[in-house]
Amino acid sequence: RRRRTHGAVKRPWTDKACGSASRQQRTRHGTAMMRAKLTGKSGMAAVAPARARQATARAAVHALCPARVSARRPERSVRSYSAAQVEVPPLEEGSVAYEKQDYAVVELGGSQVIVEVGGVYDTNRLDAEPGSTIKLNRVLLVKNQESNDLRLGKPYVENATVEAEIVQHKKAKKVVVFKMQPKKHTRSKVGHRQHQTTIKVTKISV
């Protein structure tokens with residue numbers, strides 16, 4: 001039987017169907033074609049000179065009609081931003097730009113938090129009514145800025161308390177818990193919002 005090619009394309013380097021030529025023959029033919037394209041010989045179309053002629057013609061048109069170039073490719077405008085001129089009043093005599101405040105490290109909601117007087121913090125839900133005052137006794141560290149006194153507890157500082165006011169009760173942002181088992185057709189998607197309490201520190205005493 002004759003071997004059918006089913007419309008296979010024949011190449012000039014072989015009389016057989018496409019794909020039956022050796023890799024060496026294909027490489028030699030490809031190298032010859034590339035040389036012919038670059039040099040413009042053997043009656044083949046010279047690709048590089050044609051591209052050069054197109055670029056030259058395009059440059060000539062742009063030189064005659066600069067408006068056409070600006071219409072196709074508008075120039076990028078660079079914005080210059082100047083620094084804002086703000087008049088800052090001078091500080092009064094004896095005043096400081098930033099006054100360091102006393103701070104403490106307390107155990108709050110199962111974690112250690114650095115608190116300052118006037119600071120507002122979120123913690124896990126506390127059993128207290130909004131507007132009431134609570135005292136935190138688990139103080140790990142206290143820093144007094146006036147006397148530059150630093151007290152470190154082992155593990156807690158003796159006779160140190162932090163007073164805070166209950167601002168509100170709220171819920172944290174939703175956390176999506178998605179569980180799956182591959183190839184078992186098991187999916188579960190549950191949302192959770194942690195109950196929190198917002199407090200405002202009013203006093204740090206040692």
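I begin with a contact between charged side chains: Arg138 and Glu107 meet in a salt bridge, with a distance of 3.6 Å from N to O. This pair links distant parts of the chain, 31 residues apart. Arg138 sits in the loop between strand 4 (133-136) and strand 5 (139-144), while Glu107 belongs to strand 1 (residues 103-108). Please bear in mind that the model under discussion is a predicted one.

How accessible are these two partners? Arg138 has a relative accessibility of 52% and therefore counts as exposed, the cut-off being over 50%. Glu107, at 30% relative accessibility, counts as partly exposed.

How many salt bridges does a search of the whole structure find? The search finds 3, and I shall now turn to the other pairs.

Lys170 and Asp122 are joined through their side chains in a salt bridge, at 3.0 Å from N to O. Lys170 lies in strand 7 (residues 161-171) and Asp122 in strand 3 (residues 120-124), so this salt bridge ties together parts that are 48 residues apart in sequence. Both partners fall into the intermediate class of accessibility: Lys170 is partly exposed, with a relative accessible area of 29%, and Asp122 counts as partly exposed at 42%.

Arg151 and Asp149 form a further salt bridge, their closest N and O atoms being 3.3 Å apart. Here Arg151 is partly exposed, with a relative accessible area of 41%, and Asp149 counts as partly exposed at 30% relative accessibility.

Let me return to the loop between strand 4 and strand 5, where we also find Asn137. This residue is exposed, with a relative accessible area of 52%. Which residues does Asn137 contact, once its neighbours within four places in sequence are left aside? They are Ala160 and Thr161. In addition, the C-alpha atoms of Asn137 and Glu163 are 9.0 Å apart in space, for a separation of 26 residues in sequence.

Strand 3, which holds Asp122, also contains Thr123. Is Thr123 buried or exposed? With a relative accessibility of 5%, Thr123 counts as buried, because the limit for that class is under 20%. If residues up to four places away in sequence are not counted, Thr123 touches Leu108 and Gly109, and likewise His195, Gln196 and Thr197. Strand 3 thus offers a buried Thr123 and a partly exposed Asp122.

I turn next to the surface patches. A positive patch is formed by Arg125, Lys171, Lys174, Lys189 and Arg193. Among them, Lys189 is placed in strand 9 (residues 186-192). Lys189 counts as exposed, at 64% relative accessibility.

There is also a nonpolar patch on the surface, made of Val175, Val177 and Val190. Together these residues have about 240 Å² of accessible area. Val177 is placed in strand 8 (residues 175-181) and is partly exposed, with a relative accessible area of 37%.

To draw these points together, I would recall the salt bridge between Arg138 and Glu107, which links distant parts of the chain, and the salt bridge between Lys170 and Asp122, which connects strand 7 with strand 3. On the surface, I would recall the positive patch that includes Lys189 and the nonpolar patch that includes Val177.

How values were computed: Residues are numbered from 1 along each chain as its sequence is written. This is a predicted model: local features need pLDDT of at least 70, side-chain atom pairs count only at pLDDT 80 or more; totals for chains, interfaces and linings use all residues. Side-chain values use heavy atoms; hydrogens and water are left out. A salt bridge is a side-chain nitrogen of Lys or Arg within 4 Å of a carboxyl oxygen of Asp or Glu. Helices (H or I, at least four residues) and strands (E, at least two) are DSSP runs, numbered from the N terminus. Buried means under 20% relative accessible area, exposed over 50%, partly exposed in between (1.4 Å probe, protein chains only). Patches are made of residues with over 30% relative accessible area and no salt bridge: like charges are joined within 9 Å, nonpolar side chains (Val, Leu, Ile, Met, Phe, Trp, Tyr) within 5 Å. Accessible areas come from the Shrake-Rupley method with a 1.4 Å probe; for residues, only the protein chains shown count as cover. Lys and Arg count as positive and Asp and Glu as negative; His and the chain ends are not counted. The place of a charge is taken as NZ of Lys, CZ of Arg, CG of Asp or CD of Glu. Contact means heavy atoms within 4.5 Å.
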